[in-house]
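Here are my notes on the model you asked me to look over. Have it open while you read, and go through the points in order.

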Amino acid sequence: MATAGPARLGLISALGGLAVQALTTLGDFTVFSWHTLSWALRRKPAPRTLLPSFYLVGVRSVPVVAITGMFIGMVMAVQIYNQFFQMGIATRLGSMINITIVRELGPVLAATMLAGRVGSAMAAELATMKITEQVDALAVLGAPPLHYLVVPRLLACVLLIPLLTVMADFMGIMGGALICTRIYGIESHFYWQHTADFVKMFDVFSGIIKAVFFGCAIGLISCHRGLHSQAGAEGVGRASTEAFVASFIAILVLDFFLALLLINLYDVYFAGGGRTLL
């Protein structure tokens, strides 16, 4: 019983230390994001710094995003077909697959794949530059590191991840249609007719809007963790891992709140003011 008091105080102290560390990191990330966005609005980055980031985020991500999107649609078709067939509504399978892809699975899974591929690479690259003092050398030469290193990567993520999401949506729709019409023998006319009746342009744009926020989160989090890396190879690996984990959590949190917001906007402005959650 005599040791219960010190043990409890030690637990409270440890929890307090974690809370202080979390708040400190959050505050530092907020300041970092503010300065980065200020530089993005203040001065346009040079093409020689912007184009390599566009190539890394956009061109080199096309194969993995296309493959991911195609198999999303194919797997959904395989998993949902039996239930729809037993209920006698197999021709409506396209509406369920395609609205799920364009609203949720396309943006979320594409962003998750890019957080693992692009975000981790950016964090590792910036962390290596930091521990080898290249970031300090840029500051000494008069080139602001945020403008020279972070802004091009952020713009590449914000501008190209939505385009990659559109590709993932298209490949997912084609993959689902391939399985449904060629393997399961669903009449293609009714498959696409039900899709056109059920999936609206608002659904497509809602997924693209989500992708813009996902791209911003991936760019800011990955660059922040890279520029705040610890020294050594272990620090670089930890920065890369933290960038992916934090980006993935941010994607899920943003997806929840954006889904609530977009559904309420649709109910208010397009569905005649139905019942909302907010």
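**Notes on the predicted model**

1. Let me begin with a ring in this predicted model. Phe-244 comes out as partly exposed, with a relative accessibility of 30%. Phe-248 is also classed as partly exposed, at 32%. These two residues sit four apart in helix H9, so about one helical turn separates them.

2. How do the rings of Tyr-81 and Phe-85 pair up? They are stacked, with 5.6 Å from centre to centre and 25 degrees between the planes. Both belong to helix H3, which covers residues 62–86, and because they are four residues apart there, about one helical turn lies between them. Tyr-81 counts as buried at 10% relative accessibility, whereas Phe-85 is exposed, with a relative accessible area of 52%. Back to the H9 rings for a moment: Phe-244 and Phe-248 have centres 6.2 Å apart and planes at 15 degrees, so this pair is stacked as well.

3. The structure has five aromatic pairs in total. Tyr-81 and Phe-85 also belong to a cluster, joined through ring pairs with Tyr-184.

4. Now for the overall picture. The protein chain has nine helices and zero strands, so you will read α at every position when you follow the elements from the N terminus: α-α-α-α-α-α-α-α-α. Measured out along its principal axes, the C-alpha trace spans about 65 × 65 × 40 Å. The chain has 278 residues, and 42% of them count as buried.

5. Take a look at helix H6, residues 145–183. This helix has 39 residues and reaches 53 Å from its first C-alpha to its last, close to the 57 Å expected at 1.5 Å a residue. Where is the kink in H6? You'll find it at Val-151, shortly before the proline Pro-152, and the angle is about 35 degrees. Just after the helix, Gly-185 takes a positive phi of about 75 degrees.

6. On to the pockets. The largest pocket has a volume of about 290 Å³. Its lining is made up of Thr-25, Leu-26, Phe-29, Ile-221, His-224, Arg-225, Glu-242, Ala-246 and Ala-250. Helix H1 (4–42), helix H8 (201–227) and helix H9 (232–269) are the elements that give two or more residues to that lining. By class, the lining residues divide into five nonpolar, two polar and two charged.

7. The second largest pocket holds about 190 Å³ of space. Which residues line the second largest pocket? They are Gln-21, Thr-25, Asp-28, His-224, Arg-225, His-228, Ser-229, Gln-230, Gly-235, Arg-238, Ala-239 and Glu-242. Once again H1, H8 and H9 each supply at least two of the lining residues, and the largest share, four residues, comes from H9. The classes here are one nonpolar, seven polar and four charged.

8. One thing to check on screen is where the two linings overlap. Thr-25, His-224, Arg-225 and Glu-242 are listed for the largest pocket, and these four residues also appear in the lining of the second largest pocket.

Terms used: Residues are numbered from 1 along each chain as its sequence is written. This is a predicted model: local features need pLDDT of at least 70, side-chain atom pairs count only at pLDDT 80 or more; totals for chains, interfaces and linings use all residues. Side-chain values use heavy atoms; hydrogens and water are left out. On a 1 Å grid over the protein atoms alone, a cavity is a set of points where a 1.4 Å probe fits but cannot get out, and a pocket is an open set with protein on both sides within 12 Å along at least five of seven lines; lining residues have an atom within 4 Å of a point. Grid points are joined across faces, edges and corners, and a volume is the space filled by probe spheres set on the points. Ala, Val, Leu, Ile, Met, Phe, Trp, Tyr, Cys and Pro count as nonpolar, Asp, Glu, Lys and Arg as charged, and the others, Gly among them, as polar. The expected span of a helix is 1.5 Å times one less than its number of residues. The bend at a residue is the angle between axes fitted to the seven residues ending there and the seven starting there. Rings of Phe, Tyr and Trp (its six-membered ring) pair if their centres lie within 6.5 Å; planes under 30 degrees apart count as stacked, over 60 as edge-to-face and the rest as tilted. Buried means under 20% relative accessible area, exposed over 50%, partly exposed in between (1.4 Å probe, protein chains only).
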